[in-house]
Amino acid sequence: MIKFALCGNIASGKSTVQKFLEDKGYKVLDTDCVAHELLTVKNTELLNEFEKYDVFENGEFSREKLGKLVFSDPIQKKKLENILHPQIRDEIKKFFEQNKNEKYLFVGIPLLFEANMTDLFDKIIFVYTDDEIRLKRLLLRNGYTLDYAKARITSQMRQEEKAQKSDYVINNNGSLEELYHQLIKLFAQIH
């Protein structure tokens, strides 16, 4: 089994690549979805750490409110990561164990390097998209303010650094067709 990490900074198109992989029949674990599932008041470690803050809506964590807190306060961001990253690591290991007979497994993990999880993978695929394009996507797609979008972008390790540490780099500055063409070429190399 070859374990691939699929990473890309916010608004790079990583989800589009994940969908391409799923459409081709590959098993893909999306750690964003895992994080959303872990973001519950049933997660007592998380609840105990953040119960004093205005990060709830209808008795559950509000991703929007929690996001605003952690992206404006590095100490709170670190607290959140110290709780979620080990839990996400455990879910990745479970995914590998449950699918151990697959030839290739993929894990979409935007914070691969920031969370120090490269040791879990055999190969790293990085989706690179120019910062200006990512900023436009965040403003249009997510409706973020310019300052908040910039804060989200700068909260992650620089793309150039991640690209250097990756085995494969997919450039997603062009059309969807160009992206798919690159992915087809990449899979021809991998097989």
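Select helix α6 (residues 131–142), where helices are DSSP runs of H or I with at least four residues, strands are runs of E with at least two, and both are numbered from the N terminus. Its 12 residues, at 1.5 Å a residue, should span 16 Å, and the end C-alpha atoms are 16 Å apart, which agrees; the expected span is 1.5 Å times one less than the number of residues. This is a predicted model in which local features need pLDDT of at least 70 and side-chain atom pairs pLDDT 80 or more, while totals for chains, interfaces and linings use all residues. Residues are numbered from 1 along each chain as its sequence is written, and side-chain values use heavy atoms, without hydrogens and water.

Next, colour Arg-134, Leu-135 and Leu-138, which are buried in α6 (buried means under 20% relative accessible area, exposed over 50%, partly exposed in between; 1.4 Å probe, protein chains only). Seen down the axis, the buried residues of α6 fall within an arc of 100°, so they line one face of the helix; the arc is that of the directions from the helix axis to the C-beta atoms. These buried residues pack against α7 (146–154) and α8 (159–164), contact being heavy atoms within 4.5 Å. On the face turned away are the exposed Glu-132, Lys-136, Leu-140 and Arg-141. Just after α6, Gly-143 has a positive phi of about 70°.

Now display Asp-119 and Arg-89, a salt bridge with its closest N and O atoms 2.9 Å apart (a side-chain nitrogen of Lys or Arg within 4 Å of a carboxyl oxygen of Asp or Glu). The pair links Asp-119, in the loop between β5 (104–108) and β6 (123–128), to Arg-89 in helix α5 (residues 74–98).
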